[in-house]
Amino acid sequence: MKYRKPTSPGQRGMVVSDFSDLIKPKRKKRLVVAHHRFVGRSRGKITVRHKGSGAKRLYRLVDFKQDKFDISATVLHLEYDPNRSARIAFVQYKDGEKRYVLATQDTKPGDEIMSSEKKIALINGNRMPLKHITIGTFVHNIELGHNRGGMLARSAGAYGKVAAQEGASTHIIMPSSEVRIIQNDCLATVGVASNASHSEEVIGKAGRNRHKGIRPTVRGTAMNPVDHPHGGGEGRAPIGMPHPKTPWGKPALGVKTRDRRRYSNRLIVQRRRKK
C-alpha cells in the first residue's frame, strides 16, 4: 500500500494500492472490448439509486472457466483491471494461446499454472474439481455448476475453505461464513484471490468514488416526510418508528430478503453469522 503525503485535503489520509508489481502493456484487441455501462438504469429510468456510469473503461475478457485442460500456462505478467478489485494475470499456454485469468495471491511472472479434470499438484493457481482438493484448502473462483465458470469468491482477497466431502458433494465455507453444498465435479482454483490488501484502501476524497460510479447518498432523516418515511420533524429527530424503513416503506436493516422458496436454499447447510 502507498500512503499519500498531505499536500491537499483530498490527499491527506489517502491510502492507495502499490502498483509496482504490475505493468501497463499494449492493448490486446482480442481480449479487450468496449463496455458502455447503463449503471442503475433500465430504459433510461433510475431503478437503483446512488449509481452512475463513472470513468470510461474497457472490459477485459477474463477466462473464468479455464477449460483448457492438462496444458500448462506461464504467467507473463500481472495487470490492473478497472472492472474488479482482484488483479488479473496474462498467461500463455504451451500451444501459444494467450488468455486473461484471475491472479492468485503471491502469483508472479514466470509461474506455471494448470487446469485439469484430474488430480494435479495442490499449488496456488492450479485448477481442478473439488473432489480432488484436500479438506482445509483455500480455494477461489468456484463454480456453482459443472462447466458454468467460476462465480464465487472472485473479489480481492476472497477465498472459500473446503470443509468436508460427502458423497457427490463438497461443503465449502464461503467468505461470508455461510456453509454451502457444491457438486464434487465443479472446478475451483487453489489459493486466495490476489490483492488481499484492497480492504486497506482509504478513498480520501469523494471524487474517487464518483470515478468508480458511486453517487452521493442522502440520509432519510435529512429529507421531508413526502420524500422518505424518516423525514420531517423539527431539527434533528429520531425516525419515530419501531424499525427503519426504505424510501418505499418496506422494512430495512437486518431484515431477511432471501426468498424462502428459492431452489438453492437446500444447498445451504449453515447461514452466515450476523455481524
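Tutor: Start with a cut-off. A residue counts as buried under 20% relative accessible area, as exposed over 50%, and as partly exposed in between. Keep one thing in mind: this is a predicted model.

Student: Is Arg-99 buried or exposed, then?

Tutor: Arg-99 has a relative accessible area of 15%, so it is buried.

Student: Which residue does the side chain of Arg-99 meet in a salt bridge at 3.4 Å?

Tutor: Asp-67, with that distance taken from N to O. Asp-67 sits in the loop between strand E6 (58-60) and strand E7 (73-79), while Arg-99 is in strand E9 (residues 98-102). The pair therefore ties together parts 32 residues apart in sequence.

Student: Is Asp-67 buried, exposed or partly exposed?

Tutor: Partly exposed, because its relative accessibility is 35%.

Student: What is the distance between the side chains of Arg-99 and Glu-97 in their salt bridge?

Tutor: It is 2.9 Å, N to O. Glu-97 is partly exposed, at 26% relative accessibility.

Student: Which residue forms a salt bridge with Lys-68?

Tutor: Glu-97 does, and the closest N and O atoms are 2.8 Å apart. This pair also links distant parts of the chain. Lys-68 lies in the loop between E6 and E7, and Glu-97 in the loop between strand E8 (88-93) and E9, 29 residues apart. Lys-68 has a relative accessible area of 14%, so it is buried.

Student: Which residues do salt bridges with shared partners join into one network?

Tutor: Asp-63, Asp-67, Lys-68, Asp-95, Glu-97 and Arg-99. Over the whole structure, the search finds twelve salt bridges.

Student: Now the strands. How do the strands of a sheet pair?

Tutor: They pair through backbone hydrogen bonds, in parallel or antiparallel fashion. Here, E8 and E9 run antiparallel and are joined by five bridges. One residue pair to look for is Gln-92 with its bridge partner in E9, Lys-98.

Student: How many residues lie between E8 and E9 in their hairpin?

Tutor: Four. Check the backbone in the turn: Gly-96 has a positive phi of about 100 degrees.

Student: Why is E9 largely enclosed by the rest of the structure?

Tutor: Because four of its five residues are buried.

Student: In what order do the seven strands of the open sheet run?

Tutor: The order is E11-E18-E12-E15-E16-E17-E19, with antiparallel pairing. The edges are strand E11 (127-129) and strand E19 (268-270), each of which pairs on one side only. From one strand to the next, the twist averages 45 degrees.

Student: How many bridges join E11 to strand E18?

Tutor: Three, with E18 covering residues 187-190 and the two strands antiparallel. To find the register, look at Pro-129: it stands opposite Leu-187 in E18.

Student: On to empty space. What shows where it is left?

Tutor: Rolling a probe the size of a water molecule over the atoms does. In this model, the largest pocket has a volume of about 610 Å³. Its lining has 23 residues, and those closest to the centre are Tyr-80, Pro-82, Glu-201, Arg-208 and Lys-212.

Student: Which helix gives the most to the lining of the largest pocket?

Tutor: Helix H1 (residues 206-212), with three residues. By residue class, the pocket lining has eleven charged, six polar and six nonpolar.

Student: How many cavities of 30 Å³ or more are there?

Tutor: Two. The largest cavity holds about 60 Å³ of space. Its lining includes Gln-66, Val-75, Ala-89, Leu-102, Ile-113 and Thr-189. Six of the lining residues are nonpolar, five are polar and none is charged.

Student: Which residues line the second largest cavity?

Tutor: Gln-66, Ala-73, Tyr-93, Ile-113, Met-114 and Ser-115. The space inside the second largest cavity is about 30 Å³. Its lining divides into four nonpolar and two polar residues, with no charged ones. Gln-66 and Ile-113 line both cavities.

Note on methods. Residues are numbered from 1 along each chain as its sequence is written. This is a predicted model: local features need pLDDT of at least 70, side-chain atom pairs count only at pLDDT 80 or more; totals for chains, interfaces and linings use all residues. Side-chain values use heavy atoms; hydrogens and water are left out. Two strands pair if DSSP finds at least two bridges between them. Axes are lines fitted to C-alpha atoms, for helices over the stretch in contact, and angles run from 0 to 180 degrees between N-to-C directions. On a 1 Å grid over the protein atoms alone, a cavity is a set of points where a 1.4 Å probe fits but cannot get out, and a pocket is an open set with protein on both sides within 12 Å along at least five of seven lines; lining residues have an atom within 4 Å of a point. Grid points are joined across faces, edges and corners, and a volume is the space filled by probe spheres set on the points. Ala, Val, Leu, Ile, Met, Phe, Trp, Tyr, Cys and Pro count as nonpolar, Asp, Glu, Lys and Arg as charged, and the others, Gly among them, as polar. A salt bridge is a side-chain nitrogen of Lys or Arg within 4 Å of a carboxyl oxygen of Asp or Glu. Buried means under 20% relative accessible area, exposed over 50%, partly exposed in between (1.4 Å probe, protein chains only).
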